[in-house]
Amino acid sequence: MTDPQRSRRIAVIPGDGIGPEVIGQALRVLSALDLPITTTSFPWSAEHWLATGETLPQGAAAMLAQQFDAILFGALGDPRVPDQVVARDVLLGLRFQLDLYINLRPIELLDDRLTPLRGKRCEDIRITVFRENTEGIYAGVGGTFRRGTPDEIAINEDINTRKGVERIQRAAFSFARDLGRRLGRPARLCMTDKSNAMPQAHGLWQRVFAELRAEYPDVAAQHLYIDVCAMEMVRAPERFDVIVTNNLFGDILTDLGAALCGGLGLAPSGNIHPGRCSLFEPVHGSAPDIAGRGVANPLGAILSLAMLLDHIGESRAAGRVRHAVTHVVRSGQTTPDLGGTLSTSACGDAVLAALSELR
Ligand code: NAD
Ligand code: IPM
Ligand code: MN
């Protein structure tokens, strides 16, 4: 990733449902950018599992880490797969095995008309969420006992390690420091947890937060409990520049954040380990309710591609893509979820046209 001359390699995992539909449009945008990037597609999906019994093959994570600069991912989830084993093995498998500890999820209102919040404008809703992505209640530690009987016990443990909690909070503080320099005022960072009800696990979040807050006096750091944080995001989103939280709370807050900006179809994300092969995907899932109808919004996937381009050092191209998407959104050239009438591919056409017009 250090040699700017070398051609970059991107692994593509379109997945299930609308995943292939939206990734198809992101790939059209990528090829229009005419960058020295090659792509290789991998079939891991519900269809592939039904045909072969394979989820994420042995050694796949190591192969991706060695041979690719980044991964572009659509979505996984299919009603024919009991227990969502494919999504867990592939998506959570890659997050964990590649140690992609930062789930970076920008919440950014691109057009005043898209927010359901009365009186709020683009400058009020611009929040970057740092979601811990390798532990918490997602770690899969737990089990069932006397399963299927009236005496059943079902447990998932909330795993919080010193290393895991510190590195995600440090990433958020350090981002907030840089953001503050760009804004010309201290950036507002909120750490949110449930340490009142979970003093053991989330007490660790509090102790790490106290240490980092002292180390970053130039960041305007505050703490909110998760319930109040969710309320405040709706009541006064302008209070937040950066939010850092655990895996589960970050999952929930970012769907809420997407709704503040027009819906899931527009929300991008990165699963990142700085300096390593990282994975970029829209926040939404496979949307079985609209799959195959050609109406899925491709813009979340296209904005995820922009985040990927930033990660591999193609910031100029990333900026062009964001600019084109913003233009398309503001001019109403969108799919029905954003109030437009375009199909998935016509929305992709509009992005391509904007890219070539806005040189
Ligand atoms: P979802 O995000 O797939 O859909 C929620 C709602 O948002 C649906 O009404 C859907 O039509 C709409 N929507 C989502 N993306 C859209 C788009 N691009 N354009 C227009 N509308 C869009 O969430 P769900 O229904 O809870 O989950 C469906 C499946 O996806 C489940 O199996 C779930 O586990 C999985 N899932 C996967 C990921 C992922 O792969 N990263 C993320 C979330 C959910
Ligand atoms: C997401 C999804 C996943 C998560 C699911 C599919 C396991 O909701 O990427 O937001 O909870 O992380
Ligand atoms: Mn989610």
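Select ligand 2. The space it takes is the second largest pocket. The model is predicted, so treat each stop as a look at computed coordinates.

**Stop 1: the shell of ligand 2**

Show the residues around ligand 2: Arg-95, Arg-105, Arg-131, Tyr-138 and Asp-251. How do the residues of this shell divide by class? Four are charged, one is nonpolar and none is polar.

Now turn on the side chains, beginning with Arg-131. A polar atom of the Arg-131 side chain lies 2.8 Å from an oxygen atom of ligand 2. Move to Tyr-138. Here an N or O atom of the side chain is 2.6 Å from an oxygen atom of the ligand. Then pick Asp-251. An N or O atom in the Asp-251 side chain is 2.8 Å from a ligand 2 oxygen. Switch to a surface view. On its own, ligand 2 has 320 Å² of accessible area, and the protein covers 73% of that.

**Stop 2: ligand 1**

Select ligand 1 and display its surroundings. There are 21 residues around ligand 1. Which of them come nearest? They are Glu-281, Gly-285, Ala-287, Asp-289 and Asn-297. Colour the shell by class: 11 residues are nonpolar, seven are polar and three are charged.

Three contacts deserve a label. Start with the His-284 side chain, where an N or O atom is 3.4 Å from a nitrogen atom of ligand 1. Next, show the backbone of Gly-285. A polar backbone atom of Gly-285 is 2.7 Å from an oxygen atom of the ligand. Finish on Asp-289, whose side chain has an N or O atom 2.8 Å from an oxygen atom of ligand 1. The surface view gives the cover: the protein takes up 67% of the 810 Å² of accessible area that ligand 1 has on its own.

**Stop 3: Asn-160**

Leave the ligands and select Asn-160. It is found in a loop, with strand E7 (153-156) on one side and helix H5 (162-183) on the other. Is Asn-160 buried or exposed? Asn-160 counts as buried, because its relative accessibility is 16% and the cut-off for buried is under 20%.

Show what the Asn-160 side chain meets. Add Trp-205: the two side chains make a polar contact at 2.7 Å. Then add the backbone of Asp-158. Its oxygen lies 3.2 Å from a polar atom of the Asn-160 side chain. Keep Asn-160, Trp-205 and Asp-158 on screen together to see both pairings of this side chain.

Key
Residues are numbered from 1 along each chain as its sequence is written. Chains are lettered from A and ligands numbered from 1 in the order in which they are written. This is a predicted model: local features need pLDDT of at least 70, side-chain atom pairs count only at pLDDT 80 or more; totals for chains, interfaces and linings use all residues. Side-chain values use heavy atoms; hydrogens and water are left out. A residue is near a molecule or strand if one of its heavy atoms lies within 4 Å of it. A polar contact is a pair of N or O atoms within 3.5 Å; within protein, one must be able to donate a hydrogen and the other to accept it, and residues adjacent in sequence count only if both atoms are side-chain atoms. Accessible areas come from the Shrake-Rupley method with a 1.4 Å probe; for residues, only the protein chains shown count as cover. On a 1 Å grid over the protein atoms alone, a cavity is a set of points where a 1.4 Å probe fits but cannot get out, and a pocket is an open set with protein on both sides within 12 Å along at least five of seven lines; lining residues have an atom within 4 Å of a point. A molecule sits in a cavity or pocket if more than half of its atoms lie within 2 Å of its grid points. Ala, Val, Leu, Ile, Met, Phe, Trp, Tyr, Cys and Pro count as nonpolar, Asp, Glu, Lys and Arg as charged, and the others, Gly among them, as polar. Helices (H or I, at least four residues) and strands (E, at least two) are DSSP runs, numbered from the N terminus. Buried means under 20% relative accessible area, exposed over 50%, partly exposed in between (1.4 Å probe, protein chains only).
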